[in-house]
Amino acid sequence: MEIIKPGINFDFIGRRYLGYGVSALLLVASLLTLVINAGPNFGIDFVGGTIVQVQFDQSVEVADVKTGLEQIDLGGSAVQRFGPAEHNEFLIRTNDPLSTGDDFSEHISSALSASTNANPEIRRVEMVGPQVGETLREKALFALFYALLFITIYISGRFEMKWMLSAATAGALIGAVYVFSLFNVSIPFLILVALIVSLVLFYQLHLRFAMGATVALIHDVTITVGVFTLLGKEFSLPIVAALLTIIGYSLNDTIIVFDRIRENFRRYNRSSLEDNINRSINETLSRTILTSSTTLMVLLCLFFLGGDIIHDFALAMIIGVLIGTYSSVFVASPMLLFMQGGAASAQRTASSEAA
């Protein structure tokens, strides 16, 4: 099935600077949002605390719920509605891990019943200690970092036959991350430095396909996290799972385009790199649109019909699929042209020095 007629020739590469501008704007907005909000809005999975989900048999006010919590020394808890208003459900969050023994639910249920004149049902109680939350946060960051790193090994070997070079680079970075982690360096700062060093190495070693894929993946994850932070959504373990899924989806889309670019290098070896990249994007455009649209159909069903538990997961996936489809065309592929220009510049410099 093709929704794009064969032979179509949109000039994507000719408009790459427009794409660079859009990406730069989104990245700057995402980074500013993260700075202003002092990072994502971490859930109890990462910061520790207690969350209680309660449902009433009739409509109640948030103020009445807070009044009941004050009576049991939980007056500082955050209270928000959960799901549709007619369900009369609330989430109660506290930053302190509480003792959640057998009498905890009865204790909080009695206090809420007295303050709201309604019958509460405690549907969920979750507690995470601060040390566990910090460990989970570090492991989530490492999961994202190592996913990006091992992907570059695959990309370099798959498209440039530089398995040993890319594996040595990855091994050196893993060793450096491990050594610095022994000195209690901040994990986010450590991974940021490692990613920057990775990109510098890819540029110096002319690993252009790895460079394009890695830049696109960093682009996708940063913007998705930025949008989530802007919307005030909670960053939890399911969202980390969504980010890892987005990395896989975006990479799959990028590899399809890269495969066609490599084929066209051989088939049209007299054509310029710009023409070959543009031709490849156009030849895979139908497949890209069909894959993204069918994936979005499923995610939209999950978003609107899947319930509140997976609502944020589906939202993160929707954002990621849209950004990932865009980046495979306007970020990953144009990076090959950027890397080619860097290699040509380095060659001219070496030739002039030799002369």
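## A walk from D259 to S327

Start by selecting D259 and R158: their side chains are joined by a polar contact of 3.0 Å (a pair of N or O atoms within 3.5 Å, where within protein one must be able to donate a hydrogen and the other to accept it, and residues adjacent in sequence count only if both atoms are side-chain atoms). You're looking at a predicted model, where local features need pLDDT of at least 70 and side-chain atom pairs count only at pLDDT 80 or more, while totals for chains, interfaces and linings use all residues. Residues are numbered from 1 along each chain as its sequence is written, and side-chain values use heavy atoms, with hydrogens and water left out.

**Stop one: around D259.** D259 sits in helix α9, residues 237-267 (helices are DSSP runs of H or I, at least four residues, numbered from the N terminus). Buried or exposed? D259 is buried, at 17% relative accessible area (buried means under 20%, with a 1.4 Å probe and protein chains only). Leaving aside neighbours within four places in sequence, D259 touches R158 and F159 (contact means heavy atoms within 4.5 Å).

**Stop two: α9 and α10.** Now add helix α10, residues 273-283: α9 packs on α10 at about 130 degrees, with the axes 8 Å apart (axes are lines fitted to C-alpha atoms, for helices over the stretch in contact, and angles run from 0 to 180 degrees between N-to-C directions). That makes the pair oblique (not under 35, over 145 or 65 to 115 degrees). To see the contact, show V257, R260, I261, N264 and F265 in α9 with L273, N276, I277, R279, S280, I281 and E283 in α10. By class, six of these residues are nonpolar, three polar and three charged.

**Stop three: α1 and α8.** Jump to α1 (residues 16-36) and α8 (residues 208-230), whose axes come within 8 Å and cross at roughly 50 degrees. These two are therefore oblique as well. Select S23, L26, L27, S30, L31, T33 and L34 in α1, then H219, T222, I223, V225, G226, T229 and L230 in α8, to see where the helices meet.

**Last stop: S327.** Keep H219 on screen and pick S327, found in helix α12, residues 311-354. Which residues does S327 contact, beyond its neighbours within four places in sequence? They are A216, H219, D220, S250 and A332. S327 counts as buried, at 0% relative accessibility. Finally, zoom in on G324: its backbone oxygen lies 3.0 Å from a polar atom of the S327 side chain.

Definitions and conventions
Buried < 20%, exposed > 50% of the residue type's maximum accessible area, 1.4 Å probe, protein only. Nonpolar A, V, L, I, M, F, W, Y, C, P; charged D, E, K, R; others polar.
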